[in-house]
Amino acid sequence: MFHEFNSFVKEHQLFQPKEKILLAFSGGADSVCLLDLLLKASVEVELAHVNFQLRGEESLADEEWVKQLATTKGLHCHCIRFDTKQYATENRWGIEEAARNLRYNWFHELLQQYGFAKLATAHLS
């Protein structure tokens, strides 16, 4: 899998060596796999985890797991919590649209604030 990943990255010039990448990291299998591939490619990566507070204790457990994984791998992890339901209500949006707006607005702030070259996601936006 790494060979295919590395070939795809080079073919499409997705990032250059030494660029700092922000990885949108849910903690699910897809983002864990992408993290492993980026680390094997020797990419400088930091994690960005959003807790939308939609699943109670499960959301908190996911956040804690992500923080522990980042610590184990020696990575910096940016975490934030949003009151997604309130934001959706205030803006008259559905939960998914509200979550997407919150997530990508925050990612954009992190990109600017910390000088990341790219944002990587393990899913389509």
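Modeller: A crossover is right-handed if, with the strands pointing away from the viewer, the path from the first strand over the helix to the second runs clockwise. The structure above is a predicted model, and in it strand 2, helix 3 (residues 57–73) and strand 3 make a β-α-β unit of the right-handed kind.

Colleague: What makes strand 2 and strand 3 a pair of strands?

Modeller: Strand 2 and strand 3 (residues 77–81) are joined by five bridges and run parallel. Two strands need at least two bridges to count as paired, so five bridges satisfy the rule. Within this pairing, His-49 stands opposite Cys-79 of strand 3.

Colleague: How do you know that strand 1 and strand 2 pair, and in which sense do they do so?

Modeller: Five bridges are found between strand 1 (residues 20–24) and strand 2, and the sense is parallel. The rule asks for at least two bridges, so strand 1 and strand 2 pair as well. One of the contacts can be named: Leu-22 has Glu-46 of strand 2 as its bridge partner. Between these strands, the chain passes from strand 1 through helix 2 (residues 29–40) to strand 2, in a right-handed β-α-β crossover.

Colleague: Why is strand 2 described as largely enclosed?

Modeller: Strand 2 spans residues 44–51, and seven of its eight residues are buried; strand 2 is therefore largely enclosed by the rest of the structure.

Colleague: Let us turn to the pockets. What is the volume of the largest pocket, and which residues lie nearest its centre?

Modeller: Its volume is about 410 Å³. The lining holds 22 residues, and those nearest the centre are Ser-26, His-49, Val-50, Phe-52 and Arg-103. Two or more lining residues come from each of helix 2, strand 2, helix 3 and helix 5 (95–114). Helix 5 provides the largest share, six residues.

Colleague: What classes of residue make up the lining of the largest pocket?

Modeller: The lining of the largest pocket has nine nonpolar, seven polar and six charged residues.

Colleague: How is the lining of the second largest pocket made up by class?

Modeller: In the second largest pocket, 13 lining residues are nonpolar, one is polar and two are charged. This pocket contains about 300 Å³ of space. Its lining has 16 residues, with Phe-5, Leu-14, Leu-34, Ala-120 and Thr-121 nearest the centre. Helix 1 (2–12), helix 2 and strand 4 (118–120) each give two or more residues to this lining, and helix 2 gives the most, five residues.

Colleague: Phe-5 also belongs to an aromatic pair. Why is the pair of Phe-2 and Phe-5 called tilted?

Modeller: There are five aromatic pairs by the rule applied here. For Phe-2 and Phe-5, the ring centres are 6.5 Å apart and the planes stand at 35°. Stacked planes are under 30 degrees apart and edge-to-face planes over 60, so a pair at 35° is tilted. Both residues lie in helix 1, three residues apart, which is about one turn of the helix.

Colleague: What makes Phe-2 partly exposed, and why does Phe-5 count as buried?

Modeller: Buried means under 20% relative accessible area, and exposed means over 50%. Phe-2 has 28%, so it is partly exposed. Phe-5 has 15%, so it counts as buried.

Colleague: Why is the pair of Tyr-104 and Phe-107 called edge-to-face?

Modeller: The planes of Tyr-104 and Phe-107 are 85° apart, with 5.4 Å from centre to centre. An angle over 60 degrees counts as edge-to-face, so the name follows. The two residues are three residues apart in helix 5, about one helical turn. Ring pairs also join Tyr-104, Trp-106 and Phe-107 into a cluster.

Colleague: How do Tyr-104 and Phe-107 count, buried or partly exposed?

Modeller: Tyr-104, at 22% relative accessibility, is not under the 20% limit, so it counts as partly exposed. Phe-107, at 2%, is under the limit and is therefore buried. The C-alpha atom of Phe-107 is 9.3 Å from that of Leu-23, although the two residues are 84 residues apart along the chain.

Colleague: Finally, what makes the phi values of Ser-42 and Arg-92 worth a remark?

Modeller: Most residues other than glycine have a negative phi. Ser-42 has a positive phi, near 60°, and Arg-92 has a positive phi, near 55°. Ser-42 is in the loop between helix 2 and strand 2, while Arg-92 is in the loop between helix 4 (84–91) and helix 5. With 64% relative accessible area, Ser-42 is over the 50% limit and so is exposed. Arg-92, with 79%, is over that limit and is therefore exposed.

Note on methods:
Residues numbered from 1 in each chain as written. Predicted model: local features only at pLDDT ≥ 70, side-chain atom pairs only at ≥ 80, totals over all residues. Heavy atoms only, no water. Buried < 20%, exposed > 50% of the residue type's maximum accessible area, 1.4 Å probe, protein only. Helix = DSSP H or I, 4+ residues; strand = E, 2+ residues; numbered from the N terminus. 1 Å grid on protein atoms, 1.4 Å probe; cavity = no way out; pocket = protein on both sides within 12 Å on 5 of 7 lines; lining within 4 Å. Points joined across faces, edges and corners; volume = space filled by probe spheres on them. Nonpolar A, V, L, I, M, F, W, Y, C, P; charged D, E, K, R; others polar. Phe/Tyr/Trp six-rings, centres within 6.5 Å; stacked < 30°, edge-to-face > 60°.
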